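Colleague: I'm new to this one, so could you take me through a single part of it in detail? Pick a spot you like and work outwards from there.

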Amino acid sequence: RRIWLIMKYGMNSNEMQKTNRTLVLKTLLENGSMTRTDLSARIGLQKATITNIINEFLDLGIIAVDGESASGRRGELICLKLDGIYIMSISINRKDYRVSVYSVDGHMINHIRFEFLEKRDIYEIIRRLKETGKNLIEQYGKDRVIEICLGLPGPYIRKDKDVDREEFLVSGFEQLSWVNIHKELEETFGRPIISEHDAKLLAYAEWKCAEERQTDRHVSLVALGSVGFGIGAGIIINGKIVEGQLGIAGEIGHMGINYNGKHAQNGIQGTYEYCAGTESAVRYMLERLYEFPESPLTEKSSYWEILDAYKNGDPLAVYAIDKMAWMLGYGIASIVYIINPDCVILGADYPDLPEFLEKVQRSVSQFVHPSIMENVSIRCTKLKEDTILLGGYYIALEKLFKNNLLLERIRQALC
């Protein structure tokens, strides 16, 4: 295996050692407690190599011994002990910013949310965000926060990753394009950070946790999220985020699905996000409000109030949510034909209710052949925590693995 890896990747001995250590770290993080024998078999490294790496980790104090193996054989179960080392994940959208601190093994240990006023001032928002992030870094330790990921709404265009050229085309939040948030945070935190479209982070979290991966590690999926007006999607194929030339792959919210429809806020006619974003339910309710005088809904009712009325069977709410579901399914039908994913997952802002999902699936089935429908699952998310922030954690960790940086950052944190 060692010769094969050297031939495939052109590694020298030092690079090979870094890669071996990374493999051990990654395998222990993903599987928890394991014996040295199981670890050797899983990774494909010789037992002597595993022993040397584990001894090195024991000297660093990042390995704990955990009793007997699960199979009943005598032998030490070893696991990572990475207390006091963290990853930060940040997300900003039209309505709020959120910041979470994760332990390296993926447990959220702190979460801060700041909701914007109706009249948003982007400069005040960024000032507060920088202050929040800086305070958390000082609280947990600059060297102990080993990676930071920033999730941004889209379309988020990266014209040249090596040049300071980024652009935001966010419907209903044009102020976002006035500030290079990525650059501002890097300067404030004094370190490089990762930035990614928030829908892609959502999709990556779904993929990492998907029950479908139990039977197929290469399952492909599309995850849809809607925060009010917009709809974003992330596409995962063979474990990789589909980026596209400018990084905007998955911007399905700008897909036209109703040429004769009303104009959206950005002037584009009949877009998917205008027709099927969660905020569309408010518009559908208002269109027929005066036909339902017995409804508890009013001109000031929010999406969440409509959703509560829907759960209680209010006919006006049922009409509004059902129409949103039908339009949502209409767009998913196009996604199924273009991407042909194993799974389509609806984000947490869409109702996780059987009747809603059944309406979406019926809409899709009107346009997708039955032999295709039976090979794609459409379901609501099963994740209870913030999927964008969780995706930021996973992406940050994956970058550390990919660049063989995790052990180096751990060493720096422990010095």
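Modeller: Happy to. Let's start at Trp 207, which, setting aside residues up to four places away in sequence, touches Arg 213, Arg 217, Val 219, Leu 221, Ile 236 and Gly 239. Keep in mind as we go that this is a predicted model. Trp 207 sits in helix α7, and with a relative accessibility of 7% it counts as buried. The cut-off for that word is under 20% relative accessible area. Another residue to find from here is Ile 235: it comes 28 residues away from Trp 207 in sequence, and the two C-alpha atoms are 9.5 Å apart in space.

Now widen the view to the helix itself. α7 is made of twelve residues, and from its first C-alpha to its last it reaches 17 Å. That is close to the 16 Å expected at 1.5 Å a residue. Trp 207 has plenty of company in being hidden: ten of the twelve residues of α7 are buried, so the helix is largely enclosed by the rest of the structure. If you want to click through the buried ones, they are Asp 198, Ala 199, Lys 200, Leu 201, Leu 202, Ala 203, Tyr 204, Ala 205, Glu 206 and Trp 207.

α7 also takes us to a pocket. It gives four residues to the lining of the second largest pocket, the most of any element. That pocket holds about 960 Å³ of space. Its lining counts 47 residues, and those nearest the centre are Asn 93, Ser 226, Val 227, Asp 349 and Ile 388. The elements that supply two or more lining residues are β4 (96-103), β5 (108-115), α7 (198-209), α9 (280-287), α10 (303-311) and α14 (387-402). Sorted by class, the lining has 15 nonpolar, 15 polar and 17 charged residues.

From that group, α9 is worth a stop, and Ala 281 is a residue to look at in this helix. Ala 281 is buried, with a relative accessible area of 0%. Leaving out neighbours within four places in sequence, Ala 281 is in contact with Tyr 303, Ile 306, Ala 320, Ile 321 and Met 324. You can also line it up with Lys 323, which is 42 residues away in sequence but has its C-alpha 7.6 Å from that of Ala 281.

A couple of other helices give you similar places to pause. Ile 125 lies in helix α5, which covers residues 122-140, and at 4% relative accessibility Ile 125 is buried. Phe 114 is eleven residues from Ile 125 along the chain, and their C-alpha atoms are separated by 8.9 Å. Then there is Ser 40, found in helix α3, residues 36-43. Ser 40 is buried as well, with a relative accessible area of 9%. Apart from its neighbours within four places in sequence, Ser 40 has contacts with Leu 45, Gln 46, Lys 47 and Ile 50.

For contrast, have a look at two asparagines in loops. Asn 340 lies in the loop between α11 (315-339) and β13 (343-346). Unlike the residues above, Asn 340 is exposed, with a relative accessible area of 55%. Its phi is near 55°, a positive value in a residue other than glycine. Asn 404 is in the loop between α14 and α15 (406-414), and its phi is positive too, at about 55°, although Asn 404 is not a glycine. So α14 can serve as a landmark here: it is among the elements giving residues to the pocket lining, and the loop with Asn 404 lies between it and α15.

Finally, step back to the whole chain. Its secondary structure comes to 15 helices and 14 strands, and of its 415 residues, 52% are buried. Take the contacts between residues at least 6 apart in sequence, and 62% of them join residues at least 24 apart. As for the outside, the accessible surface is about 20,100 Å², with 49% of that belonging to carbon and sulfur atoms.

Note on methods: Residues numbered from 1 in each chain as written. Predicted model: local features only at pLDDT ≥ 70, side-chain atom pairs only at ≥ 80, totals over all residues. Heavy atoms only, no water. 1 Å grid on protein atoms, 1.4 Å probe; cavity = no way out; pocket = protein on both sides within 12 Å on 5 of 7 lines; lining within 4 Å. Points joined across faces, edges and corners; volume = space filled by probe spheres on them. Nonpolar A, V, L, I, M, F, W, Y, C, P; charged D, E, K, R; others polar. Expected span 1.5 Å × (residues − 1). Buried < 20%, exposed > 50% of the residue type's maximum accessible area, 1.4 Å probe, protein only. Contact = heavy atoms within 4.5 Å. Areas by Shrake-Rupley, 256 points an atom, 1.4 Å probe, with all protein chains shown as cover.
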